[in-house]
Number of protein chains: 2
Amino acid sequence: MLKFYYNAAPNPLKVALFLEESGLPYEGVAIDTKRGQQHDPAFLAINPNAKVPAIADGDVVVFDSNAILLYLAEKTGMFLPENSPAARGALLSWLMFIASGVGPFSGQAVHFRNFAPGDNPYARKRYEYEARRHWRIIDDRLGQGRYMMGDTYTILDMAVWGWAPRIPFMLGEGAMADFPNIARLMAELDARPAAQAALTLKDRHAFKVEMDDAAMRSMYPQIFAPDPV
Amino acid sequence: MLKFYYNAAPNPLKVALFLEESGLPYEGVAIDTKRGQQHDPAFLAINPNAKVPAIADGDVVVFDSNAILLYLAEKTGMFLPENSPAARGALLSWLMFIASGVGPFSGQAVHFRNFAPGDNPYARKRYEYEARRHWRIIDDRLGQGRYMMGDTYTILDMAVWGWAPRIPFMLGEGAMADFPNIARLMAELDARPAAQAALTLKDRHAFKVEMDDAAMRSMYPQIFAPDPV
């Protein structure tokens, strides 16, 4: 059975949504990143980047949430747009926009607003600006159609669904009001049984909750690294 | 003919390498980002993210360098690994590792070392650490085989080739010595006629060179944005 390495963060959630929507049988394997389990050699053999999610599907290993979404969509033929070069180009473009832009800049905005040591006014400004700019582009796209690919519910909507609920955590309380089309999509997807099932991910394992010193060292080792020369 | 929107930065270079290697006919369209041409409405209709590279292949539009590499590889059947689920999983995993990790963290390390206003010791340390960690993982992978996918030259090697020459610009002079396997791949690829042709990209148009105030405002608008509340 397909093994799904997960924790309760946004990126594993996207994959959980696909798995629940598709009905693919899977076995969850909790990786408690606050306990440092992502650095275990057995897990590094799955994902040398020491992050979740990852999957092992027989002898096929895939890591990175957006890679897994595309792999599973191609494997099952589900949650893809119509089979045309124009739709394929759009799918890949938007998936990479989310992978290389929305995700990383949202992550940096979360980090500098909530976890970074000391005062970092320029970094905070840079990442709030960039996170907001990226979500604005997603919101504009969703203003043109029901889903990221028009009338068709695809892996792009799943990728948006994973991160969008963290918008207040990166841009401040009430920030979701600036993105009405994203809010509309979230409400629609949240009501789906598969999304409700995916959201139980955090309750399926007794993940460490406390962000203590050991958790900070496991998750943000660069804070404790020597200064660069 | 395929239109290739480019400037002389690392991401367009990857696509130029594919185009030259494959022999696909293309017409280059220079987008001078220091002159703000990425913000022109006509270009935003191609890429709402206001970045190069992008391509228009008949009615197919693709933006983001890694999306374009995958699209062109699938279109031509070139520079892909063997056709197996395990190889597909590895290709997508490593392409996303480069797209969501190597590229963004390298970009942040370049920014904080070279362009960010003021002193940002923690942000600089964070991104140097993360950029180095990502390149270490690539170097380790290249220690296991000639190319990212073993014996087969693929779009992953092209994606590495685009950014790796900037390692000294993000980690300091001499930093390439820490990544001998990457250096070996760079030497091999640089010697290819297609790479030599791709490297002429910067000479095909009189790009603005000076990083003056107007260029900074076009490229880093968040520096000039109001402070977040």
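This report describes how chain A and chain B meet in a predicted model.

**Symmetry of the two chains**

A turn of 180° with a shift of 0.0 Å along the axis lays chain A on chain B, with an RMSD of 0.0 Å. That is the relation of a two-fold axis. In chain A, S100(A) has the C-alpha nearest this axis, 2.2 Å from it. The copies meet through the same surface, because 100% of the interface residues of chain A are also interface residues in chain B.

**Extent of the interface**

Contact joins 56 residues of chain A to 56 residues of chain B. Between the two chains, an area of about 4,600 Å² is buried, and carbon and sulfur atoms give 62% of this area. On the side of chain A, the residues that lose the most area to chain B are M96(A), Y122(A) and K125(A), which together account for 16% of what that side buries.

**Polar links and contributing elements**

There are 22 residue pairs in polar contact between chain A and chain B, counting pairs with both residues at pLDDT 80 or more. The interface also holds 2 salt bridges. In one salt bridge, the side chain of R88(B) meets that of E74(A) at 2.8 Å, N to O.

The elements that give two or more residues to the side of chain A that touches chain B are listed below.

| Element of chain A | Residues |
|---|---|
| β4 | 60–63 |
| α3 | 65–76 |
| α4 | 85–114 |
| α5 | 121–142 |

The largest share of this side, 18 residues, comes from α4(A). By residue class, the side of chain A that touches chain B comprises 34 nonpolar, 10 polar and 12 charged residues.

Conventions: Residues numbered from 1 in each chain as written. Chains lettered and ligands numbered in written order. Predicted model: local features only at pLDDT ≥ 70, side-chain atom pairs only at ≥ 80, totals over all residues. Heavy atoms only, no water. Least-squares fit on C-alpha atoms with pLDDT ≥ 70 in both. Contact = heavy atoms within 4.5 Å. Buried area = accessible area lost by both parts, 1.4 Å probe. Salt bridge = Lys/Arg side-chain N within 4 Å of Asp/Glu carboxyl O. Polar contact = N/O pair within 3.5 Å; in protein donor to acceptor, adjacent residues only side chain to side chain. Helix = DSSP H or I, 4+ residues; strand = E, 2+ residues; numbered from the N terminus. Nonpolar A, V, L, I, M, F, W, Y, C, P; charged D, E, K, R; others polar.
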